[in-house]
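Thanks for making time. I have one structure to show, and I will take two parts of it in turn. Here it is.

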Amino acid sequence: MSATGQNTDVVYERVRGAILDGELAAGTVMSQVALAEELGISRTPLREALRLLQGEGLIEAEPNRRVRVAPMTASDMEELCVMRVTLEAEALRLSVPLLTPEDLARLEGVMAEMAHFAQVKDYRRWVVPHRDFHRALTSPAGPRTNVLLGQLFDHSERYRRLHIGYGPSAWATAGHREILDASKAGDRAGSGGLLAGHLART
């Protein structure tokens, strides 16, 4: 990969992370020059990174080379929920018969990590095994499906971060336990239904 391509990837991940973490607040409008200065990055790869982020729906183009961080709205949250519930539940139904003993052992491990970090209320560490759990459940469904599910998960995290301080359900692991048990039992319909209900609640 060329140096330019590598720089674009680095800048893309930097800006994307700043949006998902709330460092760049939803609805923020700024010039590309100001954004480059604020994040300490070069403007040339920034333009390409912004194009990628616009395609992902995290950035909106404004006049005069200004950009706006996509706002967080009830309608956007509802759309994310509908897309994720539909796709992830079906991906799990497809994956259950293909999960190996090694896959299930890994899932048990990330469940233990989630429980530990939830107990100590360490969100930044908790979200890593949480993401790993959801992706490991559906990994047999194929890379194209899981790339899209990964994006939907990350976009949903913008909303989850608002909820973390307002109730215990954001940290709940009980739903994950039930989903994993149904998957281990080979219950395709049951595991998909439990996952759909879990996503709809959270």
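Histidine 176 has a relative accessibility of 1%, and buried means under 20%, so this residue counts as buried. Keep in mind that this is a predicted model.

Where does histidine 176 sit? The residue belongs to helix α8, which covers residues 174-184.

Now its surroundings. Leaving out residues up to four places away in sequence, histidine 176 touches Met111, Met114, His130, Phe133, His134 and His198. Take Met111 from that list: methionine 111 is 65 residues away from histidine 176 along the chain, yet their C-alpha atoms are 7.7 Å apart.

Two of the histidines on the list deserve a further word. The side chains of histidine 176 and histidine 130 form a polar contact at 3.3 Å. With histidine 134, the side chain of histidine 176 has a polar contact of 3.4 Å.

The second part is the sheet. It is open, has three strands in the order β1-β3-β2, and its pairing is antiparallel. At the edges are β1, residues 29-31, and β2, residues 59-62, each of which pairs on one side only. From one strand to the next, the twist averages 30°.

Let me go into one of the pairings. Strands β1 and β3, the latter being residues 66-69, run antiparallel and are joined by three bridges. Which residue of β3 is the bridge partner of methionine 30? That is valine 67.

One helix goes with this pair. Helix α2, residues 32-39, lies across β1 and β3, and runs at about 90° to β1.

That is what I have; questions are welcome.

Key
Residues numbered from 1 in each chain as written. Predicted model: local features only at pLDDT ≥ 70, side-chain atom pairs only at ≥ 80, totals over all residues. Heavy atoms only, no water. Helix = DSSP H or I, 4+ residues; strand = E, 2+ residues; numbered from the N terminus. Buried < 20%, exposed > 50% of the residue type's maximum accessible area, 1.4 Å probe, protein only. Contact = heavy atoms within 4.5 Å. Polar contact = N/O pair within 3.5 Å; in protein donor to acceptor, adjacent residues only side chain to side chain. Pairing = 2+ DSSP bridges. Axes fitted to C-alpha atoms, helices over the stretch in contact; angles between N-to-C directions.
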